[in-house]
Amino acid sequence: MTTPFSLYLDRETGLHRLHPLTKLALALFYLVAGIAAPGVWGSYTVFLLLLPPALWGRIARPLLVAAGKAVLPFAVSLFLVQGFFWPGGTPILTLGPFSLKEEGLVFAIRSTGRILALVGSFLLLTLSTRPDRLMQALGERGTPQALTYILLTTLQIVPRFQEKARTILDAQRSRGLETEGNPWQRVRALLPLIQPLILGSIVDIEERAIALEVRAFGRSGPKTNLVALADSRGQQLARWLLLFGAVAVVGARLFLAVTGP
Amino acid sequence: MIEARHLTYHYPRAERPALNDLTLSIPAGQFCAVLGANGAGKSTLAYALTGFIPHFYRGRLEGKLEVAGNDVAQTPLAQLAGTVGFVFANPFNQITGAKFTVRQEIAFGLENLGVPPTEMAARVDEMLARMGLEEAADRSPIALSGGQQQRLAIASVLVMRPQVLVLDEPTSQLDPAGSEAIFRLLRTLAGDQEITIFLASHKVALIAEFADRALILSGGQIIDDGAPPAILADPGLERLGIIPSAYTELAHLARQRGLGNAGGPLPVTLAQAEAFFR
C-alpha cells in the first residue's frame, strides 16, 4: 500500500488549526531571522525560539529529531573542512600534521547554526501543515493552479514511482536477474529497470492528462473549494506583522553591516 | 444524444484507419455496450466520443460527430468536461494526485466547475454513499485497493452529472460481484436519470443482462448492432476476439449432445440458461 510522501503529522492543536499562510509567514520570519541573526550563536537562539510554537503544535520532538538528522552531515563536513583547512588562522589544537583553526571553527559553528534555523523553520511549517491546504491557500491568493498541482502531485507520485520500481525489480529478479552483489552488478541491474519504468511512466502521464481534462481541470472561470480554510482578522494582522518583522530584521542587519564595528 | 456520421480516423502516422466510415446513433438514456477484439477500435471510439480525438490525440478525423448537442471537433475539451464523462481502465491514473482524501478527490471536478461548497458537499456525500465509499472517505486515494479506486474513478466523474457517460473497461480490477454492481448502477443511471451510457467491455453475460444495445466492432467498423441477447448468443463470437458467455458455450455443447432446448436462441445470461435447461 502506498502513502503520500509528506512530513505532515496529523494532530489536533492550535498550531495545526492556524491558516496555512499564517504558518508560512511565521516560518518565513524565523528563516530570515535565523539567517540574519548576528554573532556566532545568534542562529541557535532563533532555533531555540522555534520550540514554543513547536511545543504548542506537539511536534517539538519530531522537529528536533528531523532537524538533527538533516543538519548532522553538514555540520560534520563543515567542522572538518573549515576547522582544519582554514587558510592561515590561529591554531588552537594540533593533531599531527593537522591543526584546528579558531576562525574555521567559528565559521563552522555559525554556518551550522544558519542551516539549523533554516531547516527548523521549514520543519515547523511542513510538520504542522497539510500540503494540500497550503496549496489551496496559495491558489486562493492567485498562484497558478498548474503550479500548485505539480507540487502536490509530486508528493503522491514519488511513492508510487518507488513502488513501481520495486515491482519491476521483483519481476526481473524472479526471472533470474542478479541485483545484489558487487557495485558493478548493482549498476548492471539498473538497466532492465529503467526502460519499463520510464516508458510506463510516459503512458501514465498521458492517461493522467486525460483524467485531468475529464475533471474540467482546464476550464477557465471561477473555481470553488470543498473545504474553506478558517481565517481571522487577528491572523491577517499577524501575517502582516511577521512579514514586516522579516523586512525589519533584514533592514537592521544591513544597517549593522554598514555602520557596524 | 450521440450522432456519428461517416467517422473515419487515422492515428498520426498510421496507414490503416482506426475508425472506418462509422455511422452510429444513440438516443438519450440508452445503455449501449460495445464489444470487439483488442485493436478493433473500441477505445478509439471512446476517445472520439469524449473529444480526446481530435483534441488530444492529433491524427486525421473525417466525418461528423455530435455528442449532447456539441460538434466534438469544434468544442474545446474544457467545455465538454462535465457534459461528457469518461472513465477508463487504469484507476490509478484517474486519481488526480492533488487531493489527500477520497472525499476531496471526488470533489475535484466540482471545484473546477465552480459548484458552490454546500451543494458540492451534498453531492459528494451522496456519491460516497452510492458507490460504497463512505468508510474510505477520509483515507488517501492512493492507499485504496484497485477495486475501490475503480469505484472512486467512476464516482469522481459521475458526481459531475454528465449527460453522456463513456466507460472503457471500467471493471477490469473488480471481482464478479463488484462488476455486477457497476453494471447494475449503469442500468439505473440510464433508466432513471436518462444518462446515455457508452460502455466498452468484454463481459458478455453482464452486457446481455443489463445493456439495452450491443455493438460489435471489427477493424474500425460496426459489424453487428442490436439487442444484446440476440447478437451475443453466438458461440462463434470467438472469431471476432470476443469470448462468449460461459452459459452460451455450455448450452452449445449440450445442444450438440441433444440436451436442453432443441430450438430457439442459445442463452447468454444465467436466467436464460435456466430456462434453456428446464
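**Notes on a predicted two-chain model**

1. Start with the layout of chain A. The domain assignment splits chain A into domain 1, covering 14-137 + 230-255, and domain 2, covering 144-213. The C-alpha centres of domain 1 and domain 2 of chain A are 34 Å apart.

2. A word on confidence. This is a predicted model. For the complex, the predictor reports an ipTM of 0.87 and a pTM of 0.82. In chain B the average pLDDT is 92, and 100% of the residues reach at least 70.

3. Look next at helix α7 of chain A, residues 131-140. Its buried residues are P131(A), D132(A), L134(A), M135(A), Q136(A) and A137(A). What do they pack against? Within chain A, the partners are α2 (20-36), α6 (102-128) and α8 (145-174). Chain B contributes α4 (102-113). Just after α7(A) comes G142(A), with a positive phi of about 100°.

4. Chain A also has a hairpin, made by β1(A) and β2(A). Strand β1 of chain A spans residues 91-95, and strand β2 of chain A spans residues 98-101. The two run antiparallel and are joined by four bridges. L93(A) sits opposite L100(A) in β2(A). Two residues lie between the strands. In the turn, G96(A) has a positive phi of about 55°.

5. Turn to chain B and its open sheet. Four strands line up in the order β2-β1-β4-β5, with antiparallel pairing. The edges are β2 (19-26) and β5 (70-71) of chain B, each pairing on one side only. Strand β4 of chain B, residues 60-67, meets β5(B) over two bridges, in the antiparallel sense. In that pairing, V67(B) faces N70(B) in β5(B).

6. A helix crosses this sheet. Helix α1 of chain B, residues 42-49, lies across β1 (2-10), β2 and β4 of chain B. Relative to β2(B), helix α1(B) runs at about 60°.

7. Strand β9 of chain B deserves its own point. Is β9(B), residues 213-218, mostly covered or mostly uncovered? Mostly covered: five of its six residues are buried. With strand β3 of chain B, residues 31-36, β9(B) runs parallel, and five bridges join the two. A33(B) has A214(B) in β9(B) as its bridge partner.

8. β9(B) has another pairing. Strand β10 of chain B, residues 221-226, pairs with β9(B) in the antiparallel sense over five bridges. Here L215(B) is matched with D225(B) in β10(B). The hairpin of β9(B) and β10(B) has two residues between the strands. G219(B) in this hairpin takes a positive phi near 60°. In general, strands of a sheet pair through backbone hydrogen bonds, in either a parallel or an antiparallel way.

9. Check the backbone of chain B in a few places. The peptide bond between I53(B) and P54(B) is cis, with omega about 10°. P54(B) belongs to helix α2 of chain B, residues 52-55.

10. Positive phi is also found at residues other than glycine. R13(B) has a positive phi of about 70° and is not a glycine. R13(B) sits in the loop between β1 and β2 of chain B. Its relative accessibility is 84%, so R13(B) counts as exposed. E169(B), again not a glycine, has a positive phi of about 45°. E169(B) is in the loop between β7 (164-168) and α7 (176-193) of chain B. With a relative accessible area of 24%, E169(B) is partly exposed.

11. Finish with the nonpolar cores. The largest has 99 residues. Which residues have the most contacts inside it? They are L165(B), I197(B) and L232(B). Setting aside neighbours within four places in sequence, L232(B) contacts L35(B), V204(B), I207(B), A208(B), A214(B), I216(B), L237(B), T248(B) and V268(B). One of these, A214(B), is the bridge partner of A33(B) noted above. A second core, separate from the largest, has 24 residues. Among them are L18(A), A25(A), Y30(A) and L50(A).

Methods. Residues numbered from 1 in each chain as written. Chains lettered and ligands numbered in written order. Predicted model: local features only at pLDDT ≥ 70, side-chain atom pairs only at ≥ 80, totals over all residues. Heavy atoms only, no water. Domains from an automatic or database assignment. Buried < 20%, exposed > 50% of the residue type's maximum accessible area, 1.4 Å probe, protein only. Contact = heavy atoms within 4.5 Å. Pairing = 2+ DSSP bridges. Axes fitted to C-alpha atoms, helices over the stretch in contact; angles between N-to-C directions. Core = buried A, V, L, I, M, F, W, Y, C linked by side-chain atoms within 4.5 Å. pLDDT = per-residue confidence, 0-100.
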